[in-house]
Amino acid sequence: MGNGRDTFFWEDCWIGDRPLAAVFPRLAALERNRSCTVADRRGVDGWTWEWQRPLEGRSRTRYDEMMHVLADFCCTEASDGWRWMLGTDDGFTVRETRRWIDDRVLPVGLIQTRWCDLVPRKVNIFIWRMQWQRIPTRMALSGRGLEILTIVCPICGISVENIEHLFGRCEVAASIWGLVFRWLQLPYRSVVEPDDLFRWVDECRMTGNSEESP
Ligand SMILES: [Zn+2]
């Protein structure tokens, strides 16, 4: 903040971490000129106001609170400038911005990323996508607004094609799991959904070069 001539008093984020209109909406609603700058309100002898009507009751209380916030403010003769608020003093960085977006966009849960060196990378990535429900099944595509003729499983034609069906409940998937268990010379175990398989692998305490990372 410099001289306040290029900063909107109510709408810009210039003191605290939110615009004053968001912190004190009642006062902002009573402002006669919502587009005023900080310089407009900061007179030579102190703050000057243009309220639509005298402040009373709660409005007066909010006003006192706002004055408490404004008490520490001091302006300079320099021009106003922008400052990047995310984390560092170095100004804008792609790294901090990416981290900020990730924190808000990426799903957070208890699912650990499984990575096994025994299978190709694309298989690991496929499993990772499956755990996060990111396989483009007909159900998922429909959910994202794509116009598809049907969401029924194209393999069996009976149920909706979602991840649980495609990798577990579908009769074709079940028969393939049967063959896999026979190939591994293990007793058959029904796989209702992919999580069953992950739990089973954990119970087996399989060893090898596999590892888990958070
Ligand atoms: Zn099916």
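**Terms and values in a predicted model**

Me: Why is Val119 called exposed?

Reply: Val119 has 12 other C-beta atoms within 10 Å. A residue is exposed if 12 or fewer other C-beta atoms lie within 10 Å of its own, buried if 20 or more do, and partly exposed in between, with C-beta atoms placed from the backbone. Val119 is therefore exposed. This is a predicted model, in which local features need pLDDT of at least 70 and side-chain atom pairs count only at pLDDT 80 or more, while totals for chains, interfaces and linings use all residues. Residues are numbered from 1 along each chain as its sequence is written.

Me: Where does Val119 lie, and what separates the C-alpha atoms of Val119 and Glu161?

Reply: Val119 is in the loop between β3 (113-115) and α6. Glu161 is 42 residues away along the chain, and the two C-alpha atoms are separated by 26 Å. Helices (H or I, at least four residues) and strands (E, at least two) are DSSP runs, numbered from the N terminus.

Me: What makes Arg114 partly exposed?

Reply: Arg114 has 16 other C-beta atoms within 10 Å, so under the stated cut-offs Arg114 falls in the partly exposed class. Arg114 belongs to strand β3. The C-alpha atoms of Arg114 and Phe198 are separated by 9.5 Å, with these positions 84 residues apart along the chain.

Me: What places Ser142 in the partly exposed class, and which residues does Ser142 touch?

Reply: The count for Ser142 is 16 other C-beta atoms within 10 Å, so Ser142 is partly exposed. The residue is part of helix α7. Leaving aside residues up to four places away in sequence, Ser142 touches Ile148 and Ile151; two residues are in contact if their C-beta atoms, placed from the backbone, lie within 7 Å.

Me: What is notable about the phi of Gln133 and of Gln185?

Reply: Most residues other than glycine have a negative phi. Gln133 has a positive phi of about 60° and is not a glycine, and Gln185 likewise has a positive phi of about 60° without being a glycine. Gln133 sits in the loop between α6 (121-131) and α7 (138-143), and with 14 C-beta neighbours inside 10 Å this residue counts as partly exposed. Gln185 sits in the loop between α9 (171-183) and α10 (194-204); its count is 6 other C-beta atoms within 10 Å, so Gln185 is exposed.

Me: How do you know that α9 has a span close to the expected one?

Reply: The expected span of a helix is 1.5 Å times one less than its number of residues. Helix α9 has 13 residues and reaches 18 Å from its first C-alpha to its last, close to the expected 18 Å. Helix α5 (residues 94-105) has twelve residues and reaches 16 Å, close to the 16 Å expected.

Me: Why is α5 said to lie largely in the open?

Reply: The number of buried residues among the twelve of α5 is zero, so the helix lies largely in the open.

Me: What makes a set of residues the largest nonpolar core?

Reply: A nonpolar core is a set of buried Ala, Val, Leu, Ile, Met, Phe, Trp, Tyr and Cys residues joined through C-beta atoms within 7 Å. The largest has six residues: Phe9, Trp10, Leu20, Phe24, Leu27 and Val38. Beyond four places in sequence, the contacts of Phe9 include Leu20 and Val38. Buried residues make up 9% of the 214 residues in the chain.

Me: How many helices and strands does the chain have, and why is the chain called more spread out than a compact globule?

Reply: The chain has ten helices and four strands. Its radius of gyration is 30 Å, well over the 17 Å that the globule rule gives for 214 residues, so the chain is more spread out than a compact globule. The radius is taken over C-alpha atoms, and the rule is 2.2 Å times the number of residues to the power 0.38. The C-alpha atoms fill a box of roughly 90 × 40 × 30 Å along the principal axes. Domain 1 (1-106) and domain 2 (113-213) have C-alpha centres 52 Å apart; the domain bounds come from an automatic or database domain assignment.

Me: Which element has the lowest mean pLDDT?

Reply: Strand β4 (residues 211-213) has the lowest mean pLDDT, 47, and α7 has the highest, 94. pLDDT is the predictor's confidence in each residue, from 0 to 100. The chain has a mean of 85, with 93% of its residues at 70 or more. Over residues 208-214 pLDDT stays under 50. Where pLDDT is low, the predicted coordinates should not be read in detail.
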